[in-house]
Structure formats: structure tokens, C-alpha cells
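Me: Please take a close look at one part of this structure and describe it carefully for someone who works at the bench.

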Amino acid sequence: MTQPDIIQTILKDSNYHLDLFTNTEVQALREEILIQTAKGKETAFIRCPIRRKAIQLKPEELIRQLYAARLLNQYRYPKERVRFEHLVNFGRERKRADIVILDKDREDTPYIIVEVKKPKLQDGKDQLKSYCNATGAPIAVWTNGQQISHYYRKDPNYFEEITDIPNVDQTLADIRNERFTLKNLILKDKLAVERKSLKDIILELEDEVLANAGVDVFEEVFKLIFTKLHDEFKSQNDKTVINHFLRQSINTVVQETHQDYEVDHPDYEMLKKAVEGINDDDFRSMEFRNTGQTPTELKTKIQRLFDDAKNQWSGVFSEGSTFKLSDSHLAVCVSSLQDIKLFNSNLQIVDEAFEYLVSKSAKGEKGQYFTPRHVIDMCVKMLNPKRGEYMIDTAAGSCGFPVHTVFKLIDRKFTNAEIPPEDKENVLKVFGIDFDEKTVRISRTLNLIAGDGETNVLHLNTLDYERWSDRVERDRIWNMVYGRGFDRLKALRTESENNKMFNFDVLMANPPFAGDIKENRILHQYKLGFKGNGQPQSKVGRDILFIERNLDFLKPGGRMAIVLPQGRFNNTSDKYIRDFIAEHARILAVVGLHTNTFKPHTGTKTSVLFLQKWNDDPSEGPLCPKIDDYDIFFAVSEKSGKDNSGNYVFLKNSDGQYKLDENGHLIIEHDLHNHEGELPDNIAEAFIGWARDIKLSFWS
């Protein structure tokens, strides 16, 4: 066994990881490893500084040694206060806590308890609760080397998350009451530092307080995320200062992409060190924080912040909406969410959380699932929306296609930096429509923020366009929320009083493909609602009608990407659909997606169809002359970015640990595009090269 591979060999096939620890920490432990041969087998040992004897290095022991070294070196606790396998009495039963820091004033009384033997969070938290309640220890830590959680035992029923544990010279009050700015949020972001996802934290909150709180979980968590986003948005001036400093120091910025400088994917640890050097004395203090005030005082503060957010981004919550969570439940939720940085380049974390919440309201029964961000990025890259062009998503969901189109048009990511006035004109040319009220509110939130205050996301039934005018004329509240966006949509109609045909340049959509439309009134609005002999169909798949409806939205020469079930491409019975498509548009590309792409919600095999509407008249739009014989780009994804259970698969570096991009985010391992150079060129880049070679209008 060679020295460099010892640690990876020990951790192989375990649920433990090294992601939380620096290379320096891991190397220091590696140098202390002893190899002994027993019965012809090489075994790794380490001389434990706490027990003062050689201990065999199994996975949990390896993580314990690494974290104990951090307690001694970083937090500066003396060895005399550290215990391993500390006995905890439960009446007649006795158990052993993995690591205990003893109280400095009361010997043998635990102050901090650390659990590493339970590699799953909920198991470890349950164990910690029992230990803390049995000993009275106020602080608990769980880690498996990849994730970490710090808790304050408020009372036997509630454990609130805290940002970190105190070092030897600090108190718990010092940690809870410390001034916290945007700089601290970047450095302490759980998503990067603790490798947690927003969905993980919501699941934990459900188990802890939400499931039995007697409230609508979707509404309360949505309010919290909405309020947290507003708090970060209020620190946009501090973001400008941070980015200015980073441009000068390491020639990059945190989660922002105004490309007037060169960026060569800086190491995330280097970026963190640069941020640490920024003086934040003049930065505003973050308000979405539990700083030790009473639960009632905290709720008053958070409600006030929520009211400010509603004024900033109107049309998502009613003016009189308030938090329904009890004071103590709200305090636990705020503590769990306060150290997550929601404004960053990666909307996947917000999507994953909202998708879970919406699925609890049976969204999946409608056959509509949020499109993974790497699929969205592939479509945006391939269709290449440009400034001045109008774009729409007719089944907007969480607004992935519109928001990523905004990112492309104004050359930025999901950030709380101010949008320049000249960019807002392009933002207001991006539209979204969805028939599900909850997802429309999510879409409006993300689009309001990405677009800096205005949005064209509308709550309408895309397929039932004949009823749009009824809604506009009769629903005063709808008009208050959506009226301005609808006026902008009407300006794109080809006929002033008809909601059927529009003049959009680009359309991207993942329409629901479960269930049939059976209402004759709707079916009779569509050519595909009739059989070849002119007789009306009794029912038509919802996704089939979306194909025709989407073509109606496009101007001549307009282009689109639509996600469809694979059967539409090869079922004999669906030939009439393929004939209809070929009659109205040039088929540019078909990209077969992996069956895992939309798991865990569905394993339906899907493909993305790329089209450009025929056009021979340059005065009508981009040229796409109608021809009978032409090349089509075909590709099949073999690496979906998800496993068979629907969990994301992330890129690892040569050491077997997860690699982070420059914003501290895990990188999904897929073959749809190159993730800004972090992955090899693949399907999107191959299409772009092909499109340029054959001189497609939007790439020539």
C-alpha cells in the first residue's frame, strides 16, 4: 500500500468523504499514518493524540481524527478538554459519544458533543439529541467529512442551527450575536462550506418542525426564501465593493459574469482567501438572522423584512400575507436558512427545493417537472438568443428557460448586483406563461429578481387562448398583478385582437406530457385536433397541442426547442404529428436525453426537438427557405448528470473528491455542454460547430 492512496483506500465504498477538509489537513494526517502488517495484511494505524495509543484507521476513525485535529489546531481547544468515546448515561443504559469537548469550568460535563459514527444526517442528529438531552450539553456537531451541521440546544424539543461552534476563547453568545455581512455569508455559505443543498435543509426542517406545525409548508418556506433573497438583495452595494476588490486582486468576481476581463476558473479556496482580506466595516449587517433575541422579537423582525420584500417584488404575495409559523418554529427555520447564499450563479439549488415543495401539491400528476438547469443551458447555447430578440416559454414552470435567456442576453448570472438600465430593455423582451398558480409565483420571483423588478411571467392557460380575454376583462386582481406584462405580450400579436399568432424570435419549453385534452372547445382551436379526414378527435395529448401552439407563437424564421416524449419521434401512430412539424418548420436537431434526466419524478424517455419555422421572405424574419432535403443534427446523451434514483452525479477531481467551480458549487457531470470549460466540449458545442458550418441564420 503506497502512502498517497491509503486514505482513499480506507474510505472506499463508505459514506464518508474528505470534502470538508483542506489539503493541508489531509496531508498532515497522512504523514501520521503507520502501516503495520498483521497476518500478511497491511493495515493502517495512527497514533491518537487524545488516547495516546495507536488506533486502526477505519472510515469513521479517519474522519474523527481529522475533525479532532481541527478542534485542537483551528479552534485551539486543549487536549485535556477533549475526550473520545465519552460515556453518556441513559438510566441503566450507557453509550459512548464520538468526541466530547468538556466545559472549562465543570470537569466531566460535556460542552460540545460531536457525532461521526452516523454517516447520515438524520441518524446523527437523533443520536446527538439524545446525548445532549442526557448530558445538558448546549452545542452539538455532526459530520461525515462531506457535510457538517452545528446545533444549539435551545430546549429538549428544538435544536437551532448555528453558523459555527465557538473557539476556545469564545462563548455561544459570541457566535450567535456576531456581526454578519455579505462577506461573512460568502465565507460561511453552507452550500459551499458544508456541502448541503437547500432541499436537504427543508427536509430536515420538515422532520424537525414543519410537519406538525399545522401550516401550508409550501407557503411558509416560500415566504422564507422570498424574504432571504430580499435580505441579500439589499446588500447589492456591498457586492459591488467585493467584486471591485476581487477584480483587482485575483481578476475575477464572485457569482457574476460581466466579461470585460479574463477569467481562468480560479480555485475556490483562493477566492475565499481573497474575500477574507476585504474590510467589511462599512457593509450592512444581514437582517435574516437569529441573533439570540426572543422568538417574538425575531418574528417581528422577519415579518418586517418580508413586508419590505413584498413592496420590492409585488405580485407574488398579497399585501396582507404574514408568517403563519409559530414564533418558536420560525426561529428554528431562520436559523437553518440564514447561512445559505441564495444569490449565486447556480439556480439549481433553488429549483431543487421548489420542485420538492411543489411536488407535494401534486404538480407531478399534471406531467410537468422542472427542467434540470444543464438541459436548459444546452438549449440556450444551441438556440443562441440575441439582444433585441423576443423569447417566450409557454410552459414556464420555475422559469428556467426565460431566466437563463436573461443571463445570456445581459451576460450575467443569478446575482444581487444592479442591472444596468440599457439591459432592462432586453429583459422585458423575455416572457413566460404557465397554468399552475404556484409555479407562476415561483417563476415571477426568480424572474423579478433576475430582471431587477419587472416581469412578463403570466398566469394563463397557454392552450386555451380564446379565454384569455375573458380573464383580462373580468379579473381585477389578475390585472393588477399581470396587466403590464400582458400588455407587452399583446404588442407582439400578429393581429391586434387575436391571441392566436405572435411574433417571437425564440421559444423554449418543456410542456406537460401527461394526460389528454378532451374538451371539444379547446380541441377545435387546433389543426392537430382533427383527424386526416377532417373529423374531430375525441382526445389529444397535451404535448401534441403544445407543438402546434408553440409554432403559432413564432414569427417566420423563428426557432424553438421543445422537450417531448420519445414516442412522438418513432411511434407509427404519431406520423401525422411528424408530418405536421415538417410542413411548418425545418427540423434542426434532435437530442435524445438519458432516461435518468427527469428522475425521480419520471423515467419517461424524452428528446429535445429543435426547429426553425420556414421563411422565404427576409422582411418577415430570419431566412429559412423551405427545402425538401437537408441535414439534421442528431445526438444522444449518455451521461445524464443523475443516477438511477434521480440524485445528481457530481464531478470529482483526481483525488476522488468533489470538484467545485469558481463559485464554490458542485459541478454536475453530464455531456450536454462544457459548463464554462469545466467539462469537455460536447453536444451543444458540436451543434454550434455544425450550425456554423451549414450557415444557419442564427449562427452565421
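Reply: What follows describes one helix pair, and then a sheet for context. The model is predicted, so local features need pLDDT of at least 70 and side-chain atom pairs count only at pLDDT 80 or more, while totals for chains, interfaces and linings use all residues. Residues are numbered from 1 along each chain as its sequence is written, and side-chain values use heavy atoms, with hydrogens and water left out.

Helix H8 covers residues 198–210 and helix H13 residues 327–337 (helices are DSSP runs of H or I with at least four residues, strands are E runs of at least two, and both are numbered from the N terminus). Their axes lie 10 Å apart and meet at an angle of about 160 degrees (axes are lines fitted to C-alpha atoms, for helices over the stretch in contact, and angles run from 0 to 180 degrees between N-to-C directions). H8 and H13 are therefore roughly antiparallel to each other, a term used for angles over 145 degrees. On the H8 side, the contact is made by Leu-198, Ile-201, Leu-205, Glu-208, Val-209 and Leu-210, and H13 contributes His-329, Val-332, Cys-333, Ser-336 and Leu-337, where contact means heavy atoms within 4.5 Å.

Elsewhere, 3 strands form an open antiparallel sheet in the order E1-E2-E3, pairing being assigned where DSSP finds at least two bridges between two strands. Its edge strands, E1 (33–38) and E3 (53–56), each pair on one side only. Strand E2, residues 41–48, is joined to E3 by 4 bridges, and Ile-46 stands opposite Ile-55 in E3.

Notes: Parallel < 35°, antiparallel > 145°, perpendicular 65-115°, else oblique.
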